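Biologist: Could you take a close look at how the charged and aromatic side chains pair up in this model? I'd like to know who meets whom, and whether the partners are buried or exposed.

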Amino acid sequence: MKTTWRTASLVASAAAVLALTTACGQDAPPPPVSQNVGATAAPGAAGTAGGGDQAGGGQGAASPADTAGELNVSTNAELGKVVTDNLGLTLYRFDQDTAKPPKSNCEDDCAKTWPPVPADDASAGEGIDEALLGEVTRADGTKQLTVDGWPAYRYVKDVNAGDAKGQGVGGKWFAFTPEGKKARGAAQTGLSTRQDPKLGEIVVDRNGMTVYRFMKDEAWPKPVSACTGACLEKWPVVAPVDFADTKGIQKKNYMTFTRPDGAAQQTINCWPIYTFAGDKAAGDTNGQGVGGTWYAVRPDGKPVGASEK
């Protein structure tokens, strides 16, 4: 059992986004984000550190969720090099967690779908820098493995070594690279279009998640988002995407703007765009028509199935 840990730190700054100035407004760069590794580990007993996917401690042989073992680097055909546990299962990080300080925001039902990786016996195999490994104490008192400060998880739908079905889920879950960063794989277009069998040609983000418009927003004379507060938990904004990183999107009035909270948001034809938390996988369109105010977006920025104001 591993009894000591070394710590490491990572400081990352989000790049400023170049404005595409148009008649309907102007943009601003997104705020910087900093990341850091955490915790010094202490000896711990193996147990039910699987993160809430089962009740009670139980006796008998440990399940895969009870151990991490020696971490290794595996090569995925689509994602490149990713971190796996001793069984070859892919490890993931969650965008809503933090690394400075390390903190998991995946609890209850979330932790059943994304079992936290226990820290107790994790060790660095070939290709893994031991200095990047650490741990964080979860709300239930269990110790969760961190990689460069980011809490590590498995995905319940990954059942075979090499599976990476959790990649890009909800636009927030990503496999770990050996450096603790998000696996991106081959270069993907920031915004593009796909042909949906029901909705026709619609805009999607780099993870294939459907992009939406909110009919209570405004575009003229400048973009204004009416989605604030709790609304943003269900409808995350699409962050700025350089037009050079798009495919099939109309260039006219393709711009970003600064929200009241200081965040920068992308627009198409000056209309603010969002994704939907209820879409769990690429190709989902669960947000279409929600509340009679949310609609998928066409390449020219028009809503699918709704009339313009």
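Modeller: Let's start with Lys-143, which counts as partly exposed because its relative accessibility is 27%, and partly exposed means between 20% and 50%. Keep in mind that this is a predicted model. The side chain of Lys-143 meets that of Glu-135 in a salt bridge, at 4.0 Å from N to O. Glu-135 has a relative accessibility of 2%, so this partner counts as buried.

That pair is one of eight salt bridges. Another joins Asp-85 to Arg-154, with 2.7 Å between the closest N and O atoms. These two come from distant parts of the chain, 69 residues apart: Asp-85 sits in the loop between strand 2 (80-84) and strand 3 (92-94), and Arg-154 in the loop between strand 9 (150-151) and strand 10 (173-175). Both Asp-85 and Arg-154 are buried.

Then there's Asp-95 with Lys-182, where the closest N and O atoms are 3.1 Å apart. Here too the link spans distant parts, 87 residues apart, with Asp-95 in the loop between strand 3 and strand 4 (98-99) and Lys-182 in the loop between strand 10 and strand 11 (191-196). Asp-95 is partly exposed at 29% relative accessibility, and Lys-182 is partly exposed at 25%.

Now for the rings. There are 13 aromatic pairs. Among them is Trp-114 with Tyr-155, which is stacked, with 4.2 Å from centre to centre and 20 degrees between the planes. Trp-114 is in the loop between helix 1 (109-113) and strand 6 (123-124), while Tyr-155 is in the loop between strand 9 and strand 10, so the pair ties together parts 41 residues apart in sequence. Trp-114 and Tyr-155 are both buried.

Trp-235 and Phe-276 also count as stacked, because their ring centres are 4.2 Å apart and their planes meet at 25 degrees. Trp-235 lies in the loop between helix 2 (231-234) and strand 14 (256-258), and Phe-276 in the loop between strand 16 (271-272) and strand 17 (294-296), so this pair ties together parts 41 residues apart. Trp-235 and Phe-276 are buried as well.

Back to Trp-114 and Tyr-155: they belong to one aromatic cluster along with Tyr-92, Phe-94, Tyr-153 and Trp-173.

Finally, charge meets ring in a couple of spots. Arg-93 lies over the face of Trp-150, 4.0 Å from the ring centre, and Arg-213 lies over the face of Trp-271 at 3.7 Å.

Note on methods
Residues numbered from 1 in each chain as written. Predicted model: local features only at pLDDT ≥ 70, side-chain atom pairs only at ≥ 80, totals over all residues. Heavy atoms only, no water. Helix = DSSP H or I, 4+ residues; strand = E, 2+ residues; numbered from the N terminus. Buried < 20%, exposed > 50% of the residue type's maximum accessible area, 1.4 Å probe, protein only. Phe/Tyr/Trp six-rings, centres within 6.5 Å; stacked < 30°, edge-to-face > 60°. Lys NZ or Arg CZ within 6 Å of the ring centre and 35° of its normal.
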